[in-house]
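Me: Here is a model I would like to go through by question and answer. Please keep the replies short.

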Amino acid sequence: MAARGVVAAGHPLTAEAGAQVLRDGGNAVDAAVAAVMTSFVAESPLTGFGAGGYMLVHMGEAEELLDFFVAVPGLGGHERRSELMPVPVAFTPEAIQTFHVGPASCAVPGVPAGIEAALERWGSVSLAELAAPAARLAREGVEADETWAYFYRLLEPILTADAPGRAVYAPEGSILRAGERFRFPDLADALERFGAEGSEPFYRGEVASALAEAVLERGGALGPDDLAAYEPHLREPIPVRFGGRRVLTNPPPSSGGILIAFVLGVLERAGDTGLEALVRAMDEAQAARTEDFAAGLGRDGFTTEFLADDRLAEAAARVRAGERPPPSGPQPGDRLGSTTHITALDADGGCASVTCSNGSGSGVIVPGTGIHLNNMLGEQDLNPHGFHRHPAGVRMPSMMSPTIVTRSGDVELGLGSGGSNRIRSAVSQTVLRMVADGLGVAAAVDAPRVHFEDGVVEVEPGCDAAALEALEAAGYGVARWAERNLYFGGVHAVARDPDTGECHGAGDARRGGAVAYA
């Protein structure tokens, strides 16, 4: 039980930074912003000032989604003169994934503007006060544990592509190992500057000039006009009814939230939340993710159309009958998804659920800025129908899906996940385990997961064997994993009993998750 709140995140230091703010009297958004900035240091391969993200907030009567995800560059007329750089990353000797990085992969970052806007709208603590501990941490360093040493090794070809990356991730000539300290003095300076001046230097000042110059001179398209034009957008979250609760999640132009709402809506109408029904509902959602779906994400009224009762009822009827949806084309995705999530819950029941991502990182670490730019233009999951097809200035779609579940108007669960294309699966299943199965938050996060894509059900150990056999008999491929894996996401969740006010949290062990109480 927590007297004043709880924070769940991808690293103990990240969670503790948020919890300390709650102890000092800050609210959930203050805690989330402090934790986000700490994650730049503690979880540096996954996030930072060069990333993009979303924050879903439920405070009092307010239910709002702040979109600060990346935008497509090119507003200044700068054309891409270089190609995406393929970098093979070996998860195991047999499992090698190619990431696409380099200056041509860099989209307009949104994190500096986003967390500043969140604090201005909902916060109660100054930006300078929240940034100072993270700056000290960046200067003093963070000791890598086995989880983060694994991330460093995994992304070594990207993190050490250029001299600025080698200086911080391989200071002695080899990638940081467990027990060694990660220090990033330029990031410390950037955090201090951000605390003092806000986001202005990152979009219109000398930091912005350095970012644009670093990308343009190497053939990318990110220019000064793109940075100057960037601004966060406030959106109304998608609401969907499930199990007597109201589930709020990320609306278009993001793609993850609407697919979560689709799966939950189908299962609600099917009256079945078992494993076989879940996979069939995932199959329905996957089949619906066509080129028309991608085009529709930017259209007014698309959410209502996509989640129309008759469409969900038709899909639910097929689920009940054990029928497959009409086939659609393959939807490629990447295996890792360098994304981190934080959820904060305060004593008043206010909740901030925030997901940030740097993709796999572009390898472009701009000297003197503390910024590793994202590679979102090269992320397959964000570009399933081909790279460089989005027009300049638009928000890119994303699977990131900060989510909040309410009962009788009060927050019962706040959650989100990293994991690229598996985010929607991880979030949906955690909601199912708590709402449909009645598990506590820790058990719901820990429960074995499945993910369906391209005709194959990926399965962690411990899932319903009879249901898997039935799916195989129905023509589904089933890939059984020997152990739990970060492939299946990293859900960091908080829960509150609306009747007693008791707070609990769970950090996903698949991705080094942690919880801290206020």
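What follows covers a sheet, a helix packed on it, and one residue elsewhere.

Reply: This is a predicted model: local features need pLDDT of at least 70, side-chain atom pairs count only at pLDDT 80 or more, and totals for chains, interfaces and linings use all residues. Residues are numbered from 1 along each chain as its sequence is written, and side-chain values use heavy atoms, without hydrogens and water.

Me: Which strands stand at the edges of the open sheet?
Reply: Strands are DSSP E runs of at least two residues, numbered from the N terminus. Two of them pair if DSSP finds at least two bridges between them. The sheet has seven strands, ordered S8-S3-S2-S12-S11-S1-S24, with antiparallel pairing. Two have a single partner strand each, so one side of each lacks a neighbour in the sheet: S8 (233-235) and S24 (514-517).

Me: Which residue in S12 is the bridge partner of Thr340?
Reply: S11 (residues 339-346) and S12 (residues 351-357) pair in the antiparallel sense over seven bridges. For Thr340, the partner in S12 is Cys356.

Me: What angle does the direction of helix H2 make with that of S11?
Reply: H2 (residues 28-42) packs on the sheet and touches S1, S2, S11 and S12. Axes are lines fitted to C-alpha atoms, for helices over the stretch in contact (heavy atoms within 4.5 Å), and angles run from 0 to 180 degrees between N-to-C directions. The value is about 150 degrees.

Me: Is Val431 buried or exposed?
Reply: Val431 lies in helix H17 (residues 423-435), a DSSP run of H or I with at least four residues. Beyond neighbours within four places in sequence, its contacts include Phe242, Leu264 and Leu415. Buried means under 20% relative accessible area, exposed over 50%, partly exposed in between (1.4 Å probe, protein chains only). At 0%, Val431 counts as buried.
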